[in-house]
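Colleague: Pick one part of this predicted model and take me through it slowly. After that, work outwards and show me how other parts look up close.

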Amino acid sequence: MVPFCLSFVSVYGSFLRRCLASAGLSSQSIDIDIDTATTITFWGPSASTKPPLILLHGFGPHGIWQWRPQICFFSRQFSVYVPDLLFFGGSTTESADRSEIFQATSIAKLMEKLGISRYSVVGTSYGGLVAYRMASMWPERVEKVVIASSAANMRRRDHVELMKRAKVEKVDDLLLPSSASQLRKLLGLSVFRRLFMPDFILNDFIDVILHKLFFVTLCMFGSSQLLIFNYPICDCKLYSENREEKLELLKGLTLGQDDTGTICPLSQKVLIVWGEHDKIFLLEKAVELEKYVTLVGENARLEVIHNTSHVPQLEDSGQFNNIVNNFLRDIS
């Protein structure tokens with residue numbers, strides 16, 4: 001008898017991979033550093049002459065879950081690369097370094113291995129911090145940078161205020177949810193439009209394991225229909241995988257460790273995209289970031305997307321895509 005296993009996350013994960021394959025991307029893995037046994041998994045084209053564009057995800061589900069509308073949209077004009085940051089998806093390392101600087105270095109090494117010397121970077125939330133570091137350390141490689149919902153100028157007190165807004169005592173209770181109630185709280189801060197999601201779906205996001213071969217049995221009018229999905233994907237848990245290492249990533253951040261909010265200005269053109277009602281990083285952080293993120297004031301531009309919160313790329317993907325596309329292609 002085939003075991004019953006109806007998983008929304010598994011089914012949607014299969015849909016995501018089918019979308020990416022249709023966009024010309026495939027799942028790949030590269031060992032970027034033998035000394036630290038660092039491996040990066042990513043989705044990208046096998047070969048392309050289009051301008052390279054890197055999409056860096058935040059905490060939560062790994063890259064393709066956070067960027068699907070952008071992957072499908074930008075793959076028409078760009079060679080899109082969607083890496084899993086270290087300890088997300090299949091990306092791993094034996095290095096003890098947990099800083100966003102090491103994440104940035106790893107992505108830069110990935111592009112070196114791919115033979116790509118010039119590219120633009122888009123990062124959301126934690127990925128925005130990595131994008132900022134890449135632009136700061138390699139201005140000759142990073143052409144343009146998009147920082148979305150990511151306060152590179154955060155201060156230590158911003159962490160304290162976030163904990164108060166979330167009514168939690170520890171940051172991992174918010175950003176690394178282990179229960180349906182914790183995930184619901186995170187969604188409440190991240191999404192502007194409230195959608196009810198039952199506990200069994202939220203638990204599915206936390207606990208489901210996507211296997212290379214899995215079965216879904218659908219009971220319909222007393223009969224069963226067997227659906228088989230077979231994709232070459234890694235086993236992974238959307239929220240609970242590598243939990244200890246992800247907590248170390250939060251503790252290893254070098255940005256936001258004091259109350260100055262001082263950052264090194266960038267030489268590139270910078271687009272800052274923010275949700276009007278972001279409760280993770282408040283809009284005031286975006287306004288401040290616009291003033292100090294570049295060496296030349298007019299090189300930075302802030303775009304606020306109304307009726308969205310911390311994930312504007314998902315809540316209003318059409319407007320987000322148009323704003324970023326116009327910036328990347330110099331369309332006023």
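Modeller: Let's start with helix α10, residues 283–292, where K285, A286, E288 and L289 are buried. Buried here means under 20% relative accessible area, exposed means over 50%, and partly exposed is anything in between (1.4 Å probe, protein chains only). Look down the axis of α10 and its buried residues fall within an arc of 165°, so they line one face of the helix. That arc is taken from the directions of the C-beta atoms as seen from the helix axis. Turn to the other side of α10 and you find E284 and K291 exposed. As a general reminder, an α-helix has 3.6 residues a turn, so residues three or four places apart point the same way.

What do the buried residues of α10 pack against? Their partners are β6 (142–148), α5 (156–166), β9 (269–275) and β10 (300–305). Contact means heavy atoms within 4.5 Å. The element names come from DSSP runs numbered from the N terminus, with helices being H or I of at least four residues and strands E of at least two.

Before going on, the ground rules. Residues count from 1 along each chain as its sequence is written, and side-chain values use heavy atoms, leaving out hydrogens and water. Since this is a predicted model, local features need pLDDT of at least 70 and side-chain atom pairs count only at pLDDT 80 or more, while totals for chains, interfaces and linings use all residues.

Follow one of those partners, β10, and you come to E303. At 25% relative accessibility, E303 counts as partly exposed. Leaving aside neighbours within four places in sequence, E303 is in contact with L271, I272, V273, W274 and I323. E303 also lies 9.5 Å from V324, C-alpha to C-alpha, with their positions 21 residues apart in sequence.

V324 takes us to another helix, as it is among the residues of α12 that meet α2. Helix α2 (residues 63–74) packs on helix α12 (residues 317–328) at an angle of about 50°, with the axes 10 Å apart. Axes are lines fitted to C-alpha atoms, for helices over the stretch in contact, and angles run from 0 to 180 degrees between N-to-C directions. The two helices are therefore oblique to each other; under 35 degrees would be roughly parallel, over 145 roughly antiparallel, 65 to 115 roughly perpendicular, and the rest is oblique. The crossing of α2 past α12 is right-handed, meaning the near helix is turned clockwise from the far one by less than a right angle; anticlockwise would make it left-handed. On the α2 side, W67, P69, Q70, F73 and F74 make the contact, and on the α12 side S317, F320, N321, N322, V324, N325 and L328 do. By class that is 7 nonpolar, 5 polar and no charged residues. Nonpolar covers Ala, Val, Leu, Ile, Met, Phe, Trp, Tyr, Cys and Pro, charged covers Asp, Glu, Lys and Arg, and the others, Gly among them, are polar.

W67 also touches T124, which sits in strand β5 (residues 119–124). T124 is buried, at 2% relative accessible area. Beyond residues up to four places away in sequence, T124 touches L56, H57, G58, Q66, W67, A148, S149, H310 and Q313. One of these, S149, sits in the loop between β6 and α5, so we're back at two elements that the buried residues of α10 pack against. S149 has a positive phi of about 55° although it isn't a glycine, and it is buried, with a relative accessible area of 0%.

For a comparison piece, try helix α9 (residues 243–251), where K246, L247, L249 and L250 are buried. Those residues cover an arc of only 150° around the axis, which puts them on the same side of α9. E244 and K251 are exposed on the other side. The buried residues of α9 pack against α3 (100–113), α4 (126–137) and α6 (171–175). The axes of α3 and α4 come within 8 Å and cross at roughly 70°, and these helices are therefore roughly perpendicular to each other.

Stepping back, the protein chain has 12 helices and 10 strands, and buried residues make up 54% of its 332 residues.
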